[in-house]
Amino acid sequence: MQQLIDIVQKWVAGYLQFLEPVPIEIWYILFMFIFAGVVLGMVMLFAGVASYAERKVAGHMQSRHGPNRVGPHGVLQFVADGIKLVLKEDLIPDAADKILFRFAPYIVFLGCFAVFAAFPFSMVFGQSLGITNLNIGLLYVLAISSIVVVGIIMAGWASGNKWSLLGGLRSAAQIVSYEVPIGVSFLTIVMIAGTLDLFEITRQQDGGFWRWFVFRYPPFTMSAFFIYFVASLAETNRVPFDIPEAESEIVAGYHTEYSGMRFSFFYMSEYGNMLAVSSLATIVFLGGFQSVLPFHILPGNWFVIEGLCWFFGKALFLVFVQMWLRWTLPRYRVDQLMHLAWKVLLPFAFVNIMGIGIWMLI
């Protein structure tokens with residue numbers, strides 16, 4: 001961001017001299033709002049397109065067409081869905097805690113949206129292309145994403161509905177449990193990279209796909225990536241870990257009583273979280289914006305475009321795998337879900353740490 005501000009200040013000094021008195025703090029705030037608006041638009045657009053893509057994937061896997069009425073091949077279906085949600089009546093149950101009920105969807109969405117602030121989407125002028133570059137980026141992402149749990153518990157309790165409360169409690173237990181193997185898996189990468197800076201972690205994976213952290217210290221880093229990916233499915237309440245929203249047991253879980261725009265915030269958060277966990281896996285294990293080749297295809301600062309293509313190509317592939325698994329696997333029971341987290345994933349995550357530690361020492 002600093003490089004961009006310097007460029008804008010030089011441009012202003014040359015062509016728009018009446019803007020020179022504007023303090024640099026104002027430029028910082030202005031650019032932060034611009035970047036935040038771009039990322040917000042990206043998340044909302046992705047949620048719409050991904051909802052269409054998921055129904056198409058489900059249709060192909062179940063030998064049916066999927067959405068095909070609105071626009072060519074149904075590509076405008078998500079626009080129609082968005083208009084429907086905006087125009088729907090916003091209902092609040094009489095037994096609900098109205099203040100918490102209103103705020104819960106926004107807190108869930110805030111936890112999802114704030115994660116993207118620390119992601120390096122590409123590189124320009126040798127610096128990270130993103131809202132900000134934190135030297136504790138990985139710790140920030142793990143901490144800020146936990147806000148989602150608070151919003152889900154608020155939604156479940158404030159709805160005044162036993163199904164919603166059960167869904168909220170299930171989600172809290174599930175997310176808290178699976179954050180442990182995720183954190184331990186990330187420790188293996190922190191041991192190798194020696195930093196929590198997501199941009200620096202990406203830079204250390206330059207030089208071809210064999211330099212990606214997932215292929216360093218095999219099979220321990222591969223196992224860490226697998227553990228993270230499985231746990232991330234539980235973090236986003238995706239099948240086979242969609243117990244908090246299990247339709248056949250508790251209607252729709254914590255968002256049973258929501259409708260209209262407030263329901264759409266839960267909807268966007270789910271797809272936003274899918275992109276967030278896939279982006280984080282891309283950065284930490286799959287080289288982020290780095291090429292699969294040992295050299296850059298586009299020269300100089302044009303690499304910013306190539307980096308964006310590599311980053312979103314890898315992340316969207318992982319999103320597709322999540323959709324694929326949703327329409328392939330059956331749902332776990334609660335006891336099976338907890339057994340997997342505490343008695344399978346966590347012990348293997350500790351084995352990975354010990355294995356990499358011994359390997360690095362010898």
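Is Thr195 buried or exposed? At 17% relative accessibility, Thr195 counts as buried, because the cut-off for that word is under 20%. Keep in mind as you read that this is a predicted model. The points below start with Thr195 and then move on to two serines, the nonpolar residues and the charged pairs.

**Thr195 and its surroundings**

- You will find Thr195 in the loop that runs between α7 (162–193) and α8.
- A polar atom in the side chain of Thr195 lies 3.0 Å from the backbone nitrogen of Asp197.
- If we skip residues up to four places away in sequence, Thr195 touches Val190, Glu200, Ile201 and Gln204.
- Try finding Asn135 as well: Thr195 and Asn135 are 60 residues apart in sequence, and their C-alpha atoms are 7.7 Å apart in space.

**Two buried serines**

- Ser269 sits in helix α11, which covers residues 260–285.
- With a relative accessibility of 2%, Ser269 counts as buried.
- The side chain of Ser269 reaches the backbone nitrogen of Phe109 at 3.5 Å.
- Phe109 is also one of the contacts of Ser269 once neighbours within four places in sequence are left aside, along with Val108 and Cys112.
- Ser291 has its place in a loop, the one between α11 and α12.
- Ser291 counts as buried, at 1% relative accessibility.
- From a polar atom of the Ser291 side chain to the backbone nitrogen of Leu293, the distance is 2.9 Å.
- Not counting residues up to four places away in sequence, Ser291 touches Gly208, Phe209, Trp212, Glu306 and Trp310.

**Nonpolar cores**

- The largest nonpolar core has 77 residues, and the members that touch the most others are Phe116, Phe119, Tyr178, Leu198, Leu280 and Phe285.
- Helix α11 gives this core its largest share, 12 residues.
- There is also a second, separate core of 15 residues, with Ala104, Val148, Ile152 and Ala155 among them.
- Phe119 is a good residue to click on: beyond its neighbours within four places in sequence, its contacts are Leu129, Gly130, Val141, Leu198, Ala276, Ser279, Leu280 and Ile283.

**A nonpolar patch on the surface**

- Nonpolar residues also appear on the surface, where Val75, Leu76, Val79, Ile83, Val86, Leu87 and Met261 form a patch.
- Together, the residues of this patch have about 620 Å² of accessible area.
- Helix α3 (residues 77–87) supplies the largest share of the patch, 4 residues.
- Val86 lies in helix α3.
- Val86 counts as exposed, because its relative accessibility is 52% and the cut-off is over 50%.

**Salt bridges**

- Side chains of opposite charge can pair when their charged atoms come close.
- How many salt bridges does the model have? The count comes to 8.
- One of them joins the side chains of Arg326 and Glu54, with 3.3 Å from N to O.
- This pair links distant parts of the chain: Arg326 is in helix α12 (residues 303–326) and Glu54 is in helix α2 (residues 24–61), 272 residues apart.
- Arg326 is partly exposed at 27% relative accessibility, whereas Glu54 is buried at 1%.
- Another salt bridge connects Asp81 and Arg55, whose closest N and O atoms are 2.7 Å apart.
- Asp81 belongs to helix α3 and Arg55 to helix α2, so this pair ties together parts that are 26 residues apart in sequence.
- Asp81 counts as buried, with 18% relative accessibility, while Arg55 is partly exposed, with a relative accessible area of 26%.
- Glu200, already met as a contact of Thr195, forms a salt bridge with Arg203, with 4.0 Å between the closest N and O atoms.
- Glu200 and Arg203 are about one helical turn apart, because they are 3 residues apart in helix α8 (residues 198–203).
- Glu200 counts as partly exposed at 29% relative accessibility, and Arg203 counts as partly exposed at 41%.
- Salt bridges with shared partners join Glu54, Arg238, Glu270 and Arg326 into one network.

Note on methods
Residues are numbered from 1 along each chain as its sequence is written. This is a predicted model: local features need pLDDT of at least 70, side-chain atom pairs count only at pLDDT 80 or more; totals for chains, interfaces and linings use all residues. Side-chain values use heavy atoms; hydrogens and water are left out. Buried means under 20% relative accessible area, exposed over 50%, partly exposed in between (1.4 Å probe, protein chains only). A polar contact is a pair of N or O atoms within 3.5 Å; within protein, one must be able to donate a hydrogen and the other to accept it, and residues adjacent in sequence count only if both atoms are side-chain atoms. Contact means heavy atoms within 4.5 Å. A nonpolar core is a set of buried Ala, Val, Leu, Ile, Met, Phe, Trp, Tyr and Cys residues joined through side-chain atoms within 4.5 Å. Patches are made of residues with over 30% relative accessible area and no salt bridge: like charges are joined within 9 Å, nonpolar side chains (Val, Leu, Ile, Met, Phe, Trp, Tyr) within 5 Å. Accessible areas come from the Shrake-Rupley method with a 1.4 Å probe; for residues, only the protein chains shown count as cover.
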